[in-house]
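Q: Please take a close look at the spaces in this structure and at what lines them. Start with the closed one, and then go on to the rest.

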Amino acid sequence: MGLGAAAALPSVASAAWPGNWRTLQAGGAGSPTLLDSNENAYGPSPEAYAALEASGAVANRYPKHEYENLVEAIAAKHGVKPEQVTLGCGSSENLRMAAEAFLGPGKTLIYATPTFEFIAHRAADTGAQLAAVPLTKDYAHDLDAMLARASSGGGLVYICNPNNPTATLTPRKDLEAFLQKLPASYYVLMDEAYHHFVTDAPAYTSFLDRPVDNPRLIVTRTFSKIYGLAGARIGYSVATLETTRGMNAEKMQFAVNVLGARAALAAWNDAEAVPKGAARNAADRREFYKQAKSRSLEVIESQTNFLMVRTGRPAQEVIEHFRANNVMIGRPFPPMLDYVRISLGTPTDMQEFWRVWDLLPAAKPS
Ligand SMILES: Cc1ncc(COP(=O)(O)O)c(C=O)c1O
């Protein structure tokens, strides 16, 4: 795909949220059941919530110390220098920074399809070429095919691990081998937004579990998923000092707000937040499999807080059926147009999901 590719990319905002049907947030009477954006339906922890409430009192002040305080806490836990960490207004902002720092005319973004497309939009904005590479039949990144797309101009490879929307993993050893072979003119961004939901997967290891000493590597994480702070907008990246300098050059001043940074710090310092959230998610996932199995549904094995279910009919039909019943599920993900992506919700949300699923008219024989 070349420059014209920008027009061919689905617009993330309009495709996911046509009209304003999502403006009614969950909670009020008649509000929809939201299973469309891989959020944490249980909300922030009590500690994070308390920090959000308390920070209201300083919302009149610019975030002068909050940025550094959170960076130091993140760096200490990952065993890196604070100068290696960049905070973003959600990890989306870190993806944007990487696109702006390391792409531009003559450079190429290599990414999987389907994946989280946000960076492809930002890459197109820089004038970079887009090279979309289908996943393997096991829904891993096809690293050999990605390597074959590496052009002489250099650029950035985006790896989403676990991958959104398929919820699947690309093994660490394959990624290591790929990094060895990739031309030196390419950076690699490992998006680990769903890292904490991975269970029992020996082939997977985060790129933050060992020192980040490869100047071509950028690892991103977010407070939007396991920590339940999607609306507070905090994400971060870790890279070498030199690469972080490149990221920071594209940072917007004060993009990280007082409330979000303080809530994220409280969540980060809560030793229970991750193990509790991961265990609850694993239990919710098991229940989903059980319900799917009782209906003989095919589900791709998930390492995240969402699952891809085969529908046996066009995904759009199923999405519309759910929307008509006030349940929002993920948008279509070409080329997997007979799958729907379901974000896990609370047990009440999921009861509603299965109730509405059971109202689906029988699929027409193909
Ligand atoms: C793979 C992936 N990366 C990054 C993000 C961006 O999340 P945020 O900007 O809230 O950190 C998302 C959001 O759903 C995602 O699925």
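A: This is a predicted model. The lining of the largest cavity divides into five nonpolar, four polar and four charged residues. That lining has 13 residues. Nearest the centre of the cavity lie N40, Y42, F197, N281 and N305. The space inside is about 110 Å³. How many cavities of 30 Å³ or more are there? The count is one.

Now the open space. The second largest pocket holds about 230 Å³. Its lining is made up of 16 residues, and S45, P46, A273, K276 and R280 are the closest to its centre. Two elements give two or more residues each to this lining: helix 3, residues 46-55, and helix 11. Which of them gives the largest share? Helix 11 does, with four residues. By class, the pocket lining has seven nonpolar, four polar and five charged residues.

Helix 11 deserves a second look. It covers residues 273-294, and Y289 is found in it. Is Y289 buried or exposed? Y289 has a relative accessibility of 28%, so it counts as partly exposed. The cut-offs explain the label: buried means under 20%, and exposed means over 50%. Y289 also has contacts beyond its sequence neighbours. Leaving out residues up to four places away in sequence, Y289 touches V299, I300, E301, S302 and L307. Take E301 from that list. In sequence, Y289 and E301 are 12 residues apart. In space, their C-alpha atoms are 8.9 Å apart.

Last comes the ligand. There are 14 residues around the ligand. Those that come nearest are S92, D191, Y194, T222 and S224. Three side chains can be described by a distance to the ligand. For D191, an N or O atom of the side chain is 2.6 Å from a nitrogen atom of the ligand. For R233, the partner is an oxygen atom of the ligand, and the distance to a side-chain N or O atom is 2.7 Å. N164 has a side-chain N or O atom 2.8 Å from an oxygen atom of the ligand. D191 thus appears twice here: among the residues that come nearest the ligand, and with a side-chain atom 2.6 Å from a ligand nitrogen.

Methods: Residues numbered from 1 in each chain as written. Predicted model: local features only at pLDDT ≥ 70, side-chain atom pairs only at ≥ 80, totals over all residues. Heavy atoms only, no water. Buried < 20%, exposed > 50% of the residue type's maximum accessible area, 1.4 Å probe, protein only. Contact = heavy atoms within 4.5 Å. 1 Å grid on protein atoms, 1.4 Å probe; cavity = no way out; pocket = protein on both sides within 12 Å on 5 of 7 lines; lining within 4 Å. Points joined across faces, edges and corners; volume = space filled by probe spheres on them. Nonpolar A, V, L, I, M, F, W, Y, C, P; charged D, E, K, R; others polar. Near = heavy atom within 4 Å. Polar contact = N/O pair within 3.5 Å; in protein donor to acceptor, adjacent residues only side chain to side chain.
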